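Colleague: I'd like to go through this model with you and ask how you arrive at the words you use for it. Shall we start?

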Amino acid sequence: VDSEGNRHISYRDSNNLDLKYAYGPSGPNDISWQLYSVDGNGIDVGEYTSLAVDNSGNRHISYYDSTTFDLKYAYGPAGTGDISWQLYSVDTPGDVGLYTSIAIHPNTQKPSISYFKNNGTGSNEIRIATQTSDSDTTWEIGVLDGSLNIFFANGNSQLKIDDNNDI
């Protein structure tokens, strides 16, 4: 729910293997949802999706591309209706982008994404990517923990940013 009470949901359409976005205007619970395609066209995308809305109403979605094994990011400008989504690859080498969580820095309005990298060797990683410029294509990637002998079975990472921009 954004600052004006509008509802936003990102999800994976498992029938078509696409990333979808649902918008519901503020009001009573029996609202009419508007459904849109963000990324897909028959390729396998949209797993482990997470959505955040910044102070201006812009939409930010992190998700996993199961075809290329990459962490992806979708940016949708504020507004209603079928908006034009901008799609980016954030982290690409290896099997990266599982179990995402996205949050917006309150001062800069730039996103950070926590996610999992499957090394396939038993020493997997939890990583964080932070957008570093006004261009959606520049990200700083760091490893929070690179010694994990676990695999998340049923859940995403959870990222929170406080008012001091601390993660």
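Colleague: Happy to. Which residue stands opposite Phe116 in β10?

Modeller: In this predicted model, Phe116 stands opposite Ile126 in β10.

Colleague: And what makes β9 and strand β10 a pair?

Modeller: Two strands pair if DSSP finds at least two bridges between them. Six bridges join β9 to β10, residues 124–131, and the two run antiparallel, so by that definition they pair.

Colleague: How do you know that strand β8 and β9 pair too, and in which sense?

Modeller: By the same reasoning: at least two bridges are needed, and β8, residues 95–104, has seven bridges with β9, in the antiparallel sense. Within this pairing, Ser101 stands opposite Ser114 in β9. The hairpin of β8 and β9 has six residues between the strands, and there Gln109 takes a positive phi near 60 degrees.

Colleague: Why is β9 described as largely enclosed by the rest of the structure?

Modeller: Strand β9 covers residues 111–118, and seven of its eight residues are buried, so the rest of the structure largely encloses it. Buried here means under 20% relative accessible area.

Colleague: Let's turn to Tyr99. Why is Tyr99 called buried?

Modeller: The relative accessibility of Tyr99 is 4%. The cut-off for buried is under 20%, so Tyr99 counts as buried. Its place is in strand β8, and Tyr99 has a positive phi of about 55 degrees although it is not a glycine.

Colleague: What about Tyr48: buried or partly exposed?

Modeller: Tyr48 has a relative accessible area of 24%. Partly exposed lies between the 20% and 50% limits, so Tyr48 is partly exposed. Tyr48 sits in strand β4, residues 45–53, and its phi is near 55 degrees, a positive value in a residue other than glycine.

Colleague: Now Arg12. Where does Arg12 lie, and what makes it partly exposed?

Modeller: Arg12 belongs to strand β1, residues 7–13. Its relative accessible area is 24%, and the range for partly exposed runs between 20% and 50%, so Arg12 earns that label.

Colleague: Which residues does Arg12 touch, apart from its neighbours within four places in sequence?

Modeller: Arg12 is in contact with Leu17, Asp18, Asp44, Val45, Gly46, Glu47 and Thr49. Its side chain also reaches the backbone oxygen of Val45 at 3.4 Å. The cut-off for a polar contact is within 3.5 Å, so that distance meets it. As for Tyr63, its C-alpha is 9.2 Å from that of Arg12, while the two residues are 51 apart in sequence.

Colleague: What makes Trp33 a candidate for a surface patch?

Modeller: Trp33 has 34% relative accessibility and counts as partly exposed, and patch members need over 30%, so Trp33 passes that cut-off. Ile9, Trp33 and Leu35 form a nonpolar patch, with about 290 Å² of accessible area together. Trp33 itself is found in the loop between β2 (18–24) and β3 (34–39).

Colleague: To finish, how many helices and strands does the protein have?

Modeller: Zero helices and 11 strands. Of the 167 residues, 46% are buried. Among contacts with a separation of 6 or more, 42% come from residues 24 or more positions apart. The accessible surface comes to about 8200 Å², and 45% of that belongs to carbon and sulfur atoms.

Notes
Residues numbered from 1 in each chain as written. Predicted model: local features only at pLDDT ≥ 70, side-chain atom pairs only at ≥ 80, totals over all residues. Heavy atoms only, no water. Helix = DSSP H or I, 4+ residues; strand = E, 2+ residues; numbered from the N terminus. Buried < 20%, exposed > 50% of the residue type's maximum accessible area, 1.4 Å probe, protein only. Contact = heavy atoms within 4.5 Å. Polar contact = N/O pair within 3.5 Å; in protein donor to acceptor, adjacent residues only side chain to side chain. Patch = residues over 30% accessible without salt bridge, like charges linked within 9 Å, V, L, I, M, F, W, Y side chains within 5 Å. Areas by Shrake-Rupley, 256 points an atom, 1.4 Å probe, with all protein chains shown as cover. Salt bridge = Lys/Arg side-chain N within 4 Å of Asp/Glu carboxyl O.
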